[in-house]
Amino acid sequence: MRDAHVKELIELLQLERLEDNLFRGQSRDIGTRFVFGGQVLGQALSAAQQTVDPSREAHSLHAYFLRAGDIDAPIVYSVERARDGGSFSSRRVVAIQHGQPILNGSISFQVPEKGVEHQSSMPEVPEPEDLEPMHRVPPEELARLPVKLQRWLGTDGPFEFREVWPRDEIHPPKRPPIQHIWFRITAPVDDSASLHRALLAYASDFHLVGTATLPHGISYLTHNIQMASLDHALWFHRPFRVDEWLLYSFDSPTAQGGRGLARGQIFSRDGQLVASTAQEGLIRLRSDG
């Protein structure tokens with residue numbers, strides 16, 4: 001079953017080419033109310049990668065989520081070849097549904113080269129084998145949630161997560177806005193670096209903005225909360241494989257004005273910093289009245 005989920009996700013990221021710079025992708029209902037933001041990020045990156053010489057590798061992605069995506073409709077990706085220079089290429093991507101943009105993004109590519117190097121150290125955390133898989137919501141609690149959330153929380157997906165500090169999302173305690181989570185895709189995938197980058201873009205949206213809720217004793221399951229990703233930034237630093245364990249280390253420096261900022265660093269198991277992320281999200285508490 002897990003292999004089937006991985007196969008389905010890879011197919012989701014392999015877009016149909018309509019024209020030289022126009023692509024169409026389908027959506028997968030994973031139990032979220034709208035299209036999962038990571039899916040749109042992964043597909044946008046996949047579209048842009050198909051318009052760049054394979055010798056150039058994506059090193060940064062910056063995107064704004066403009067509208068919620070409709071799970072039941074395809075998404076068209078329009079790519080603008082903004083520039084191809086001697087070392088760098090730049091692409092602008094617009095994801096379109098029902099005639100309206102749902103995401104605007106810019107992606108930069110570079111011919112690999114050598115240069116000065118330094119990096120942050122990986123946090124000292126337990127190995128993934130020493131941690132329990134993420135706990136399922138108890139059946140009696142799951143039954144009280146909306147049907148879509150039941151599917152989100154009750155179904156295995158293509159990625160496996162192991163939390164260093166497990167959290168009860170239904171009854172969340174207040175704690176500092178820091179978390180560390182090991183993750184990997186649940187079946188081997190081929191050696192295509194562009195595929196691994198698209199898969200990492202997909203996975204990078206998990207748990208990120210939720211880090212900003214940690215000090216407040218709330219979560220996306222809180223009954224009166226509205227949460228949504230507003231933007232997303234992703235930088236690729238070094239080679240990696242998503243079918244090997246990666247550590248996602250999060251922190252949230254601030255929340256204010258109905259928005260929370262979260263940052264992430266993604267490390268390979270041997271301590272290499274392979275990617276960094278940042279995201280601002282809407283965190284709005286509605287009045288019960």
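Two strands are taken as paired if DSSP finds at least two bridges between them, and the strands themselves (E, at least two residues), like the helices (H or I, at least four), are DSSP runs numbered from the N terminus. With that in hand, β11 and strand β12 (residues 259-268) are antiparallel partners over nine bridges. The structure is a predicted model, in which local features need pLDDT of at least 70 and side-chain atom pairs count only at pLDDT 80 or more, while totals for chains, interfaces and linings use all residues. Residues are numbered from 1 along each chain as its sequence is written, and side-chain values use heavy atoms, with hydrogens and water left out.

Two annotated regions offer a convenient frame. UniProt, in an unreviewed entry, places "domain: Acyl-CoA thioesterase-like N-terminal HotDog" at residues 31-110, and the annotation "domain: Acyl-CoA thioesterase 2 C-terminal", also from an unreviewed entry, covers residues 178-282. These positions are given in the numbering used here, feature names are shortened, and annotations may be inferred rather than shown by experiment. Residues 31-110 are 16% helix and 50% strand, with end C-alpha atoms 36 Å apart. Over residues 178-282 the chain is 10% helix and 48% strand, and the end C-alpha atoms lie 18 Å apart.

Within the C-terminal annotation, the pairing of β11 with β12 includes a bridge between T254 and L261 of β12. Two residues stand between the strands of this hairpin, and there G257 takes a positive phi near 60°. On another side of the pairing scheme, β8 and β11 run antiparallel and are joined by six bridges; I178 has D251 in β11 as its bridge partner.

Strand β3 (57-65) takes part in two pairings. Eight bridges link β3 to strand β6 (residues 100-110) in the antiparallel sense, with A58 bridged to F109 of β6. Five bridges link β3 to strand β10 (residues 231-236), again in the antiparallel sense, and here H62 is bridged to A233 of β10. S60 also belongs to β3 and is buried at 8% relative accessibility (buried means under 20% relative accessible area, exposed over 50% and partly exposed in between, with a 1.4 Å probe and protein chains only). The C-alpha atoms of S60 and S229 are separated by 18 Å, the two residues being 169 apart along the chain.

Aromatic side chains add further contacts. Rings of Phe, Tyr and Trp (its six-membered ring) pair if their centres lie within 6.5 Å, and planes under 30 degrees apart count as stacked, over 60 as edge-to-face and the rest as tilted. By this rule there are eleven aromatic pairs. One of them joins F183 and Y248 in a tilted arrangement, at 5.9 Å centre to centre and 45° between the planes. F183 lies in strand β8 (residues 178-185) and Y248 in strand β11 (residues 246-256), so the pair ties together parts that are 65 residues apart in sequence. Both rings belong to buried residues: F183 has a relative accessible area of 1%, and Y248 stands at 3%. F183 and Y248 are also members of one aromatic cluster, together with F36, F159, F161, Y202, F206 and F250.

Y202 leads on to helix α5 (residues 193-203), where nine of the eleven residues are buried; among them are L195, H196, R197 and Y202. The loop between α5 and β9 (225-229) holds S219, which is buried at 1% relative accessibility. The C-alpha atoms of S219 and F206, 13 residues apart along the chain, are separated by 13 Å. H207 lies in that loop between α5 and β9 as well; its phi is positive, near 70°, although H207 is a residue other than glycine, and at 24% relative accessible area H207 is partly exposed.

Most residues other than glycine have a negative phi, and most peptide bonds are trans. H98, not a glycine, also has a positive phi, of about 50°. H98 is found in the loop between β5 (88-97) and β6 and is exposed, with a relative accessible area of 62%.

Finally, β3 and α5 each supply at least two residues to the lining of the second largest pocket. A pocket is an open set of points on a 1 Å grid over the protein atoms alone, where a 1.4 Å probe fits, with protein on both sides within 12 Å along at least five of seven lines; lining residues have an atom within 4 Å of a point. The second largest pocket has a volume of about 740 Å³ (the space filled by probe spheres set on the points, which are joined across faces, edges and corners). Of its 20 lining residues, Q110, E113, F236, H237 and R238 lie nearest the centre.
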